[in-house]
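Work through the following exercises with the model open beside you, and try each task before reading its solution.

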Amino acid sequence: MRLPASISVGSLPELHVFAVEVRLLFQNLLGNALKFTRPDVTPVVAIEATRQGRAWQFSVTDNGLGIAPEAREKVFMIFQRLQNRNEYEGTGIGLAHCRKIVEMHGG
């Protein structure tokens, strides 16, 4: 049984970006936040942006499974997965693609 999710979005800036890519970035991050949840725990997701000098820092945080410190680089490599293919759908390219999008925007 799927539980409802709580998603909050803070004040976000209006920026000149590669729109399709940034949409895919947030789509991937939000999708992961809702996919990798803990059993019987309502997913809580927050999307925020804070000004950092002339730049903006965006964050998508959730109360899901989390990523172990030793796996934090692995999850951004293409086709690398932390969970078994039988447990969760996916190809293992989502976060690698997210990293590319952030890098192409100077992050």
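**Exercise 1: Helix α2 and the core**

Helix α2 is followed by G106, whose phi is positive, near 90°; helices (H or I, at least four residues) and strands (E, at least two) are DSSP runs, numbered from the N terminus. The model is a predicted one, in which local features need pLDDT of at least 70 and side-chain atom pairs count only at pLDDT 80 or more, while totals for chains, interfaces and linings use all residues. Residues are numbered from 1 along each chain as its sequence is written, and side-chain values use heavy atoms, with hydrogens and water left out.

Task: find which residues make up the largest nonpolar core, and which helix gives the most to this core.

Solution. Begin with burial, where buried means under 20% relative accessible area, exposed over 50%, and partly exposed in between (1.4 Å probe, protein chains only). In α2, the buried residues are L95, A96, C98 and I101, and they pack against α1 (19-35).

Next, apply the core criterion, namely a set of buried Ala, Val, Leu, Ile, Met, Phe, Trp, Tyr and Cys residues joined through side-chain atoms within 4.5 Å. The largest such core has five residues in all: L25, V75, L95, C98 and I101. Helix α2 (residues 94-104) gives the most to this core, with three residues.

Finally, look at C98, which touches L25, N28 and L29 when residues up to four places away in sequence are not counted, a contact being heavy atoms within 4.5 Å.

**Exercise 2: The salt bridge**

Task: identify which residue forms a salt bridge with R99, and state how exposed R99 is.

Solution. The criterion is a side-chain nitrogen of Lys or Arg within 4 Å of a carboxyl oxygen of Asp or Glu, and the structure holds one salt bridge. R99 forms this bridge with E103, the closest N and O atoms being 4.0 Å apart. Because R99 and E103 are four residues apart in helix α2, they are separated by about one helical turn. R99 is partly exposed, with a relative accessible area of 29%, and E103 is also partly exposed, at 44%.

**Exercise 3: The sheet**

Task: work out the strand order and which strands lie at the edges.

Solution. The open sheet has three strands in the order β1-β2-β3, with mixed pairing; two strands pair if DSSP finds at least two bridges between them. The edge strands, β1 (6-9) and β3 (55-62), each pair on one side only. Strand β2 (residues 44-52) pairs with β3 in the antiparallel sense over eight bridges, and T50 has Q57 of β3 as its bridge partner.
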